[in-house]
Amino acid sequence: MSDNPKWLNNAVFYEIYPQSFMDTDCDGVGNINGITEKLDYIKDLGCNAIWLNPCFESPFGDAGYDVSDYCRVAARYGTNDDLINLFNEAHRRDMHVILDLVPGHTSWEHPWFKESMKAERNQFTDRYVWTDSIWEEPTGYGSLRGISDRDGSCAVNFFTHQPALNYGFYKPTRPWQQSVDSQGAIATREAMKDVMKFWLSRGCDGFRVDMAGSLVKNDEDSKGTITLWQNMTDFVRKEFPEAVLVSEWGEPDKSLQGGFHMDFLLHFGPSHYNDLFRCENPYFDGKGTAADFVEKYIDSYEKSERKGLICIPTGNHDMDRLARHIHGDNKKLAFAFLLTMPGAPYIYYGDEIGMNYVEGLTSVEGGYGRTGSRSPMQWDNSINAGFSAAPSEKLYIPIDPSEDRPTVQSQLNDKNSLRSEVKKLISIRQAHKALQSKGEIEFITKGEEGKPLSYIRKTEGEQILISVNPTDKPCEFKIDSRVKEVIYSLGDGAVIKEGSIVIRECSAVFAIL
Ligand code: BGC
């Protein structure tokens with residue numbers, strides 16, 4: 001895809017898990033109107049875009065990633081009109097909303113799948129990946145078998161109740177494996193375009209695309225999946241040039257070729273993201289190393305033509321809360337890094353106040369270990385932390401029971417709070433183009449154990465040095481350019497010398513060069 005829609009260049013996203021953000025109809029589950037009510041809160045933080053996790057009809061075996069109607073908001077969240085109202089209210093505030101598109105699979109309750117299960121041939125027979133005998137497994141990743149009169153096994157993509165949609169096989173090797181240009185595969189692709197069109201024409205600003213790299217099967221180098229996305233993203237570019245597509249793929253060299261505007265850095269696979277935030281000794285807790293992360297980041301950056309369109313999230317609904325591993329003011333240092341990297345930053349709801357991972361919960365809606373990161377937003381100290389007026393036993397997930405749980409109310413007017421620091425960091429990002437999505441990056445120090453992580457962000461006419469030192473030792477490093485002005489300092493900051501900088505322990509500094 002050629003140029004980004006302009007709004008993406010300075011977008012700072014806020015990810016909302018709709019179940020847990022704000023409940024205005026007192027059923028214990030968050031809803032769309034609750035999100036609309038809190039738009040000013042999000043805007044005040046400085047975020048100008050929202051990624052909304054799936055909010056469509058679903059049996060909720062995977063929290064809505066098992067869609068049973070792509071074009072209808074689930075009743076528990078409200079109506080399509082409520083969602084359209086959210087788009088309008090966001091636009092009125094100069095904000096954008098992207099939805100979560102799940103193109104790889106549906107729920108087994110989707111009407112397409114019910115038709116597809118039938119023995120008689122019909123319009124949906126080839127909508128999913130089926131073998132031609134129940135005794136043959138489709139892709140080696142599990143299957144649905146013996147569930148209807150149709151003699152075949154259906155491939156699944158994630159949980160057993162999520163049958164895989166058919167976009168074809170890059171290299172078919174069995175008679176039942178359809179090619180990428182078979183009628184069935186093309187019909188699926190066109191049906192997914194219709195879904196995109198449905199929401200884009202109602203005011204939605206784009207999509208975060210779930211498991212985007214997994215659509216075409218037997219596609220080792222992703223060539224078939226890239227071609228498929230080129231077709232889909234071309235359609236979006238032509239019909240909705242301001243719409244944004246961000247992939248959950250984790251390989252920017254591939255996803256950007258496919259036409260995505262940006263790609264997520266994933267917490268699984270080779271990214272080393274977890275080295276920074278989520279491992280036994282995470283770098284930002286002052287103990288481990290960021291060096292492998294930096295190496296891999298540079299590798300992806302170079303492979304994607306230094307476009308820097310890699311989004312690094314503070315967390316998300318699939319991983320541990322940032323605060324589970326990063327303690328005290330080190331969280332501020334983590335944000336200083338996250339909010340000065342290229343690509344669009346994504347703040348997972350509640351991370352801006354340091355919400356905790358709630359330990360020991362029973363799984364809710366296929367969350368399993370992820371459930372503790374999906375607990376209700378903590379607004380204030382009133383009943384259910386201000387999330388819902390429902391009886392607490394009716395809440396979607398229990399509120400963090402800790403007495404000292406953070407709340408928005410307690411942090412809003414405290415200038416030393418994490419939320420205030422996050423707000424300050426976003427405003428600095430917004431004031432300097434070099435710090436935004438497209439500014440280039442060059443690493444100066446790679447955050448080896450005991451060392452700071454330092455880099456220069458650049459655009460035409462502006463160069464900003466960022467140095468973040470979460471370790472307990474000061475560190476001196478060389479720089480070629482002269483520091484003109486320090487624009488941000490955290491902790492004891494840095495001592496600027498001629499040709500070098502000493503960054504103090506547990507400190508960060510941003511300086512114009
Ligand atoms: C989503 C998960 C979901 C899975 C299956 C992911 O990557 O983020 O929450 O369970 O896709 O759709």
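A residue counts as buried when its relative accessible area is under 20%. By that criterion, in this predicted model, helix 10, which spans residues 330-338, is mostly covered, with nine of its nine residues buried. The buried residues of helix 10 are N330, K331, K332, L333, A334, F335, A336, F337 and L338. The list thus includes the lysines K331 and K332 as well as the phenylalanines F335 and F337.

Attention may next be turned to a pair of helices that pack against each other. Helix 5 comprises residues 183-200 and helix 6 comprises residues 223-239; their axes lie 11 Å apart and enclose an angle of about 30°. Angles under 35 degrees count as roughly parallel, and helix 5 and helix 6 are therefore roughly parallel to each other. Their crossing is right-handed. On the side of helix 5, the contact is made by R189, E190, M192, K193, M196, K197 and L200. These residues meet L228, W229, N231, M232, F235, V236 and E239 of helix 6. Sorted by class, the contact of helix 5 with helix 6 contains eight nonpolar residues, one polar residue and five charged residues.

The description now passes to a sheet. Five strands form an open sheet in the order 13-14-15-20-17, and their pairing is antiparallel. The edges are occupied by strand 13 (440-446) and strand 17 (485-490), each of which pairs on one side only. On average, and with direction ignored, neighbouring strands of this sheet are turned by 15° against each other.

At one end of that order, strand 13 pairs with strand 14 (residues 453-459) in the antiparallel sense, over six bridges. Within this pairing, F443 stands opposite Y455 in strand 14, and K446 stands opposite L453 in strand 14. The two strands, 13 and 14, form a hairpin with six residues between them. In the turn of this hairpin, G447 has a positive phi of about 70°.

In a regular strand, the side chains alternate between the two faces of the sheet. A helix also meets this part of the structure: helix 9 (residues 291-303) lies across strand 13 and strand 14. Relative to strand 13, helix 9 runs at about 155°. Strand 13 is accordingly described by two relations, namely its antiparallel pairing with strand 14 and the helix 9 that lies across it.

Methods. Residues numbered from 1 in each chain as written. Predicted model: local features only at pLDDT ≥ 70, side-chain atom pairs only at ≥ 80, totals over all residues. Heavy atoms only, no water. Axes fitted to C-alpha atoms, helices over the stretch in contact; angles between N-to-C directions. Helix = DSSP H or I, 4+ residues; strand = E, 2+ residues; numbered from the N terminus. Parallel < 35°, antiparallel > 145°, perpendicular 65-115°, else oblique. Left-handed = near helix turned anticlockwise from the far one by under 90°. Contact = heavy atoms within 4.5 Å. Nonpolar A, V, L, I, M, F, W, Y, C, P; charged D, E, K, R; others polar. Buried < 20%, exposed > 50% of the residue type's maximum accessible area, 1.4 Å probe, protein only. Pairing = 2+ DSSP bridges.
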